[in-house]
Amino acid sequence: MRKDISRSIGKVDNREKSSGSAEYINDRSWEGEVHYALTLRSSIVKGKIINITFPSAREDVHIVDYRDVPGKNFVSILEDDWPVFAEDRVSYLGEPILLLCGPDRTVLEEYRSRIVVDYEEESPFLTLQDAVEKSDPIVSYTIDTGDYAGASEKAARTVKETFETGRQEQVYIEPQGVVAEYTEEGVVLTGSFQCPYYVKNAVINTLGWSGEKVRVIQAVTGGAFGGKEEFPSLISCQVAVASVKLKKTIKLIYNRHEDMEVTTKRHPSLISYEAALDGDNRILGVKMDVKLDGGATTGLSAVVLQRAMIASCGVYHFPAVLATGGVYLTNTVPSGAFRGFGAPQTFFAIEMFMNHLAAKVGEDPVAFKTKHLAKKGDATSTGGIYRDDILMAQMIEEVKKMSGYAEKYRLYSEKGNPRGIGMSLFLHGCGFTGSGEADHIKAKVYLERDEEGRVHILVSNVDMGQGFKTTMMKVVAHSLDIPLDQVVFNNPDTKYVPDSGPTVASRSTMIVGRLLVEACEKLQKETGPARVEANYSQPDYIKWDQDKMKGDAYPAFSWGVNVVEVEVDRDTWETTLLGAWSVHDVGKAIDDRIIRGQVDGGFLQGIGYGLWEKMELKEGRVQQATVTDYIIATASDFVTVENKLIDNPYALGPFGAKGAGELTLIGGAPAVAAAVEQALGAEVYRIPLVPEYLMELKKNG
Amino acid sequence: MDKIEFTLNGKQVSIEKDGTARLLDVLREDFSLIGVKEGCGEGECGACAVLIDGVIANSCIVPLGNAQGRSIVTIEGFSGTARYRVLEESFAECGAVQCGFCTPGMMIAAESLLNGNNSPSEAEIREGISGNLCRCTGYNMIAEAVALAAEKGKGLW
Ligand code: FES
Ligand code: FES
């Protein structure tokens with residue numbers, strides 16, 4: 001099948017998904033008796049658990065709590081601060097205290113409603129501002145490249161602004177779910193997972209067992225977007241403990257309300273920028289600070305913060321950068337992974353800041369941005385090097401043509417015009433930040449040819465809707481020059497697949513795909529049935545100093561430009577989308593249509609982040625915990641997007657491919673916010689741009 | 001306990017159960033029709049959509065009692081039809097399926113729409129599927145797939 005690899009083919013799992021026969025975790029049947037699990041949660045925001053009074057014991061209700069944990073009672077992520085079950089204290093509303101397990105859900109619910117927990121309440125931090133005023137960050141970093149102090153001394157003027165972004169909920173349409181089976185060989189966890197080995201390692205830690213006794217299988221996964229990166233480790237540990245205690249199959253499926261109340265969200269942020277400009281209105285340097293609300297536990301926040309800070313320069317080259325940042329804990333639902341992973345917050349801020357600077361110095365925003373674009377050979381924010389061609393100037397021209405940007409921008413600049421058009425420029429570093437791939441992940445893949453000549457892909461990365469199965473099968477079929485139906489890629493099962501790392505960080509296609517290409521080269525040297533492996537090794541020119549945050553933070557970058565056109569209703573302050581355009585450089589698409597799917601979906605999530613998706617907490621309780629209250633777009637809210645891909649093959653990617661999954665979300669919010677600014681004739685500093693905020697902006701001039 | 005009789009995917013069925021039970025649970029648990037998904041449980045996402053006498057309904061907010069004497073078609077029943085095959089092909093051709101959790105419900109929505117209007121405009125398509133949430137696709141490829149199906153399936157609807 002040696003054609004242009006980008007030519008689209010039908011996805012391998014279309015049929016089972018369309019016909020409803022694909023089995024998601026809640027659809028499977030299980031051998032033997034199944035016990036359902038229901039979670040008892042903290043009903044207060046912060047305090048000590050004094051006493052728990054249970055209704056009289058019943059044979060068909062089993063209680064599983066921290067005392068049943070044979071190993072360590074925390075979820076192994078980065079820090080050991082996320083309890084599997086609360087012990088003597090709780091630190092957010094909805095924190096899990098124990099599981100009730102039994103064959104009848106109605107009985108469990110009734111039993112749960114009669115449990116009484118006595119607490120001694122303590123005063124919590126309810127907001128990021130609160131935590132910033134009264135506490136120290138639990139993790140902080142500094143990026144210091146060039147000489148910002150010198151730049152600001154030389155500057156003709158400095159400009160400072162602050163920005164704020166809210167929580168965002170993933171709203172994968174399939175809620176979280178996991179099943180633990182107790183077997184002779186150990187415990188088997190099957191579920192809706194992005195990262196089977198994260199689950200495996202977390203369960204090993206919590207059970208205190210050896211690795212062979214814990215097996216993890218990914219069920220068909222109904223969307224994830226980061227929401228099924230670390231959170232499934234928590235619920236997997238819980239059901240694993242229950243399964244081992246009761247020697248039963250335990251099934252835990254969240255309903256939507258529970259899912260929205262207690263699962264991880266995108267980190268709220270406070271971001272400030274200061275720019276030092278010379279007499280010709282060129283930026284000599286920027287000083288940036290980002291504060292993230294980590295919620296009640298550390299989780300992955302440290303890495304999210306790194307990404308947010310490394311993105312401090314956006315797509316621009318500034319001679320001097322001083323970026324500081326911290327994660328603060330609050331007594332709120334934990335923040336965690338969400339497509340973009342810290343970058344969407346920073347890109348909203350830097351893109352708005354650049355627009356505002358352009359307005360201040362009286363230049364056109366796109367012209368102002370263009371003159372600061374990073375070029376090949378320039379230093380990155382962390383003093384690494386942009387080694388590959390950067391095609392942004394060409395991409396900007398392209399998107400202008402597609403959208404009629406210049407003409408519309410001029411037209412909508414007239415005072416009182418209810419319409420606006422905005423452009424955002426963005427990038428995404430592909431793969432784990434810094435030395436993550438080389439030091440922590442150390443990806444390994446297997447490729448196996450069986451008796452019949454079929455080739456099996458054995459990797460731990462999952463298809464969660466993004467088309468990873470089809471993508472990797474194409475990579476292998478093209479590399480070996482065999483038909484696609486000779487390639488087999490089953491859902492990962494840790495009994496058979498090595499740890500090729502998690503399905504995160506826009507790494508799977510670029511890193512794992514590349515390893516599969518290497519494995520194909522090895523397999524071609526073998527005849528008959530054979531198994532080969534390939535292991536990741538970092539190119540030696542990539543150097544990273546984690547303590548100083550210096551060097552090449554990512555081996556490659558993907559790039560994008562978005563344009564959004566809107567109309568703002570001056571009575572209701574509702575924003576309506578009129579048009580959306582995108583141009584992306586993802587190296588080389590392994591499948592054009594799959595990438596278009598990533599672009600359309602990511603773009604809408606990004607626009608939603610900027611426009612509609614508001615999740616507030618009041619006294620620690622999520623106020624929008626249903627899809628009625630939390631607004632994600634319907635088909636009628638969105639418009640057909642015109643997309644274009646620019647080929648810019650990356651030497652170390654499979655067939656030239658770079659990451660694409662997260663990139664597509666990042667530009668949506670700043671593009672729509674820029675459009676709203678023009679329509680409104682007022683500067684925007686906060687997302688989401690809900691009608692109340694627009695009204696307030698207009699009122700305050 | 002009530003005795004409820006209805007037609008399910010073309011077959012006459014009867015079940016003894018509390019009439020207030022959610023039709024969604026009955027379909028999934030008593031009839032093993034797992035293509036009917038629960039995305040929200042409150043009538044907002046359309047993942048649980050079925051056809052009741054040819055019209056789309058969210059089975060998570062339909063009490064079993066309402067099924068009495070009606071004809072219910074789930075994705076499992078619909079997937080045996082020529083109309084379904086055209087929709088499936090069009091969805092594949094347009095890249096309208098990502099995680100797939102919304103897809104069976106989208107198929108039912110498309111059938112319900114095309115049944116009433118066999119050559120819908122883009123706006124009508126968007127309106128017709130606006131009761132079904134999809135978080136993966138951004139809807140464009142789904143809207144294109146429905147338009148393509150209307151085109152390809154001329155005479156079927
Ligand atoms: S599950 Fe019925 S509408 Fe969402
Ligand atoms: S394809 Fe995932 S929700 Fe629609």
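## Sheets, crossover and interface in a two-chain predicted model

Strand 10 and strand 11 (residues 214-218) of chain A run parallel and are joined by 5 bridges. Two strands count as paired here if DSSP finds at least two bridges between them. Helices (H or I, at least four residues) and strands (E, at least two) are DSSP runs, numbered from the N terminus. Between these two strands of chain A, the chain passes through helix 5 (residues 196-207), giving a right-handed β-α-β crossover. Right-handed means that, with the strands pointing away from the viewer, the path from the first strand over the helix to the second runs clockwise. One bridge pair to look for is V187(A) with V214(A) in strand 11.

A word on the ground rules: this is a predicted model, in which local features need pLDDT of at least 70 and side-chain atom pairs count only at pLDDT 80 or more, while totals for chains, interfaces and linings use all residues. Residues are numbered from 1 along each chain as its sequence is written, chains are lettered from A and ligands numbered from 1 in the order in which they are written, and side-chain values use heavy atoms, with hydrogens and water left out.

Now back to strand 10 of chain A, which covers residues 186-191 and has 6 of its 6 residues buried. Buried stands for under 20% relative accessible area, exposed for over 50%, and partly exposed for anything in between (1.4 Å probe, protein chains only). Strand 10 also pairs with strand 9 (residues 177-183) of chain A, in the antiparallel sense and over 6 bridges. Strands 9 and 10 of chain A make a hairpin with 2 residues between them, and T183(A) has G186(A) as its bridge partner.

**The sheet around strand 8 of chain A**

Elsewhere in chain A, 6 strands make up an open sheet of mixed pairing, in the order 7-15-14-13-8-28. At its edges are strand 7 (139-145) and strand 28 (686-687), each pairing on one side only. Strand 28 runs parallel to strand 8 (residues 157-165) of chain A, and 2 bridges join them. Within strand 28, R686(A) is the residue opposite E164(A). Helix 9 (residues 343-361) of chain A packs on this sheet, touching strands 8, 13 (269-277), 14 (283-293) and 28, and its direction makes about 140° with that of strand 8. Contact means heavy atoms within 4.5 Å. Axes are lines fitted to C-alpha atoms, for helices over the stretch in contact, and angles run from 0 to 180 degrees between N-to-C directions.

**Backbone details worth a click**

The peptide bond from I687(A) to P688(A) is cis, with omega near 5°. P688(A) sits in the loop between strand 28 and helix 19 (691-699) of chain A. Two non-glycine residues with positive phi are set side by side here.

| Residue | Phi | Loop in chain A | Relative accessibility |
|---|---|---|---|
| V171(A) | about 50° | between strand 8 and strand 9 | 0%, buried |
| K442(A) | about 45° | between helix 13 (436-441) and strand 17 (444-449) | 53%, exposed |

**The sheet of chain B**

In chain B, 5 strands form an open sheet with mixed pairing, ordered 2-1-5-3-4. Strand 2 (11-17) and strand 4 (55-58) of chain B are at the edges with a single partner strand each, so one side of each has no neighbour in the sheet. From one strand to the next, the twist averages 40°. Strand 3 (residues 49-52) and strand 5 (residues 71-73) of chain B pair in the antiparallel sense over 2 bridges, with I52(B) and I72(B) as bridge partners. Helix 1 (residues 23-30) of chain B lies across strand 1 (2-8), strand 2, strand 3 and strand 5, at about 105° to strand 2. Helix 4 (residues 103-116) of chain B also packs on the sheet, touching strands 3, 4 and 5, and its direction makes about 35° with that of strand 3.

**Where the chains meet**

At the interface, 50 residues of chain A are in contact with 42 residues of chain B. The two chains bury about 3700 Å² between them, and carbon and sulfur atoms give 51% of that area. Buried area is the accessible area (1.4 Å probe) that two parts lose on being put together, summed over both. On the chain A side, S18(A), I173(A) and A635(A) lose the most area to chain B, together 17% of what that side buries. The rule finds 6 salt bridges across the interface, each a side-chain nitrogen of Lys or Arg within 4 Å of a carboxyl oxygen of Asp or Glu. One of them links R596(A) with E144(B), whose closest N and O atoms are 2.9 Å apart.
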